[in-house]
Amino acid sequence: MSVPLSWYLILAAALFCIGLYGVLSRKNAIAILLGVELMLNAVNVNLVSFWRYLDPAQMAGQAFAVIVFAVAAAEVAVGLALIISVYRRRKTVVADEIDLMKW
Amino acid sequence: MTAEQIIFLLTGALVLGSGLMVVTVRNLLHAALWLVVSLFGVAILYAILQANFLAVVQVVVYIGAIAILFIFAVMLTRRELMEKGRQTRSNWWIPALLGLLILAGLVVLILSVPGVNHTAAAMPAGLDTVQALGTALVSPDAYVLPFEVASVLMLAALVGAVYVATAGKK
């Protein structure tokens, strides 16, 4: 393992910031969820690299990453179901136009 | 430079480049396909980190299920949005600036931590990480409770997703 830990951390930070930019700048609700996926992946890279570099015998990092996988899958399933449901009623997936609860 | 460093740099460039394409490309279907490339790059990173199980799960769950779900959703909702207008907000430079500032802050913070430039020790001999992870996930003195909570959450979310997606239909 000749790659320093800091390389992984900086890569994950860059991926997180790209995802953050996508979440904040996109109009389409599906594109916002794509950005959230990138952010979750950045977190997972961090967890797994800490597991490998600190103490591989302790499985905490990998176990946490598995749970992040499950939560990400649940988040995408519910999020896309909501978007499809909204699209069926309002004929739009633009986040700005879904303002029924805004007063 | 060792071979591992070169592979890491190439994979990192792949992940970040396709990640940038995900957030900037106009056609959402292409964005979803770029997400597949990015997720595959992360799977390669897991393989380099010797997290074998997670590398496989990344391909099966993320690329096989989540990315396909995105492609379905894009295809079910596309039509008008694709053709007209821009895909990003008019003040897109504020999130870009915010992202760059946070990245700069994180890089400074990471590099200031002592010992962060150390490379990893070799894996302990005889440690089977897949077996160790499996044992940890079901052993009562490790992570069986979070694991079960995650599975209940998953079940509830999928039932809820089916209900929400079909509730509006007449």
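How far apart do the C-alpha centres of domain 1 of chain B and domain 2 of chain B lie? They lie 23 Å apart. Keep in mind as you look through these views that this is a predicted model.

**View 1. The two domains of chain B.** The domain assignment splits out domain 1, covering residues 1-82, and domain 2, covering residues 129-170. Try finding both stretches in chain B, then picture the 23 Å between their C-alpha centres.

**View 2. Chain A on its own.** Welcome to a chain built with 3 helices and 0 strands. Follow the sequence and you will read the pattern α-α-α. Along the principal axes, the C-alpha atoms of chain A fill a box of roughly 50 × 25 × 20 Å. The radius of gyration of chain A is 17 Å, whereas a compact globule of 103 residues would have one near 13 Å.

**View 3. Helices H1 and H2 of chain A.** Here you can see helix H1 (residues 5-25) of chain A beside H2(A), with axes that come within 7 Å. The two axes cross at roughly 165 degrees, and that makes H1(A) roughly antiparallel to H2(A), as angles over 145 degrees count as such. The crossing of H1(A) past H2(A) is left-handed. Sorted by class, the residues of this contact are 19 nonpolar and 6 polar, with no charged ones.

**View 4. Helices H2 and H3 of chain A.** Move along the chain and helix H2 (residues 29-54) of chain A meets helix H3 (residues 60-90) of chain A, their axes coming within 9 Å and crossing at roughly 175 degrees. That angle makes H2(A) roughly antiparallel to H3(A). On the H2(A) side, look for contact residues including Leu33(A), Leu40(A), Leu47(A) and Trp51(A). On the H3(A) side, the contact residues include Phe64(A), Val68(A), Val76(A) and Ile83(A). The contact of H2(A) with H3(A) has 16 nonpolar, 4 polar and 1 charged residues.

**View 5. Chain B on its own.** Now turn to chain B, where you can count 7 helices and 0 strands. Starting at the N terminus, the elements run α-α-α-α-α-α-α. The C-alpha atoms of chain B fill a box of roughly 60 × 40 × 25 Å along the principal axes. Chain B has a radius of gyration of 21 Å, while a compact globule of 170 residues would have one near 15 Å.

**View 6. Helices H2 and H3 of chain B.** How are these two helices packed? Their axes are 9 Å apart, and H2(B) and H3(B) pack at an angle of about 175 degrees. H2(B) and H3(B) are therefore roughly antiparallel to each other. Among the residues that H2(B) brings to the meeting are Leu35(B), Leu39(B), Phe40(B) and Tyr46(B). H3(B) answers with residues including Val59(B), Tyr62(B), Ile63(B) and Phe70(B). This contact of H2(B) with H3(B) divides into 20 nonpolar residues, 1 polar residue and no charged ones.

**View 7. Where chain B touches chain A.** Finally, bring both chains into view: 75 residues of chain B are in contact with 63 residues of chain A. Which elements of chain B give two or more residues to this side? They are helices H1 (3-24), H2 (28-48), H3 (52-77), H5 (93-112), H6 (129-138) and H7 (144-167) of chain B. By class, the side of chain B that touches chain A has 57 nonpolar, 16 polar and 2 charged residues.

Terms used: Residues numbered from 1 in each chain as written. Chains lettered and ligands numbered in written order. Predicted model: local features only at pLDDT ≥ 70, side-chain atom pairs only at ≥ 80, totals over all residues. Axes fitted to C-alpha atoms, helices over the stretch in contact; angles between N-to-C directions. Helix = DSSP H or I, 4+ residues; strand = E, 2+ residues; numbered from the N terminus. Parallel < 35°, antiparallel > 145°, perpendicular 65-115°, else oblique. Contact = placed C-beta atoms within 7 Å. Nonpolar A, V, L, I, M, F, W, Y, C, P; charged D, E, K, R; others polar. Left-handed = near helix turned anticlockwise from the far one by under 90°. Domains from an automatic or database assignment. Rg over C-alpha atoms; globule rule 2.2 N^0.38 Å.
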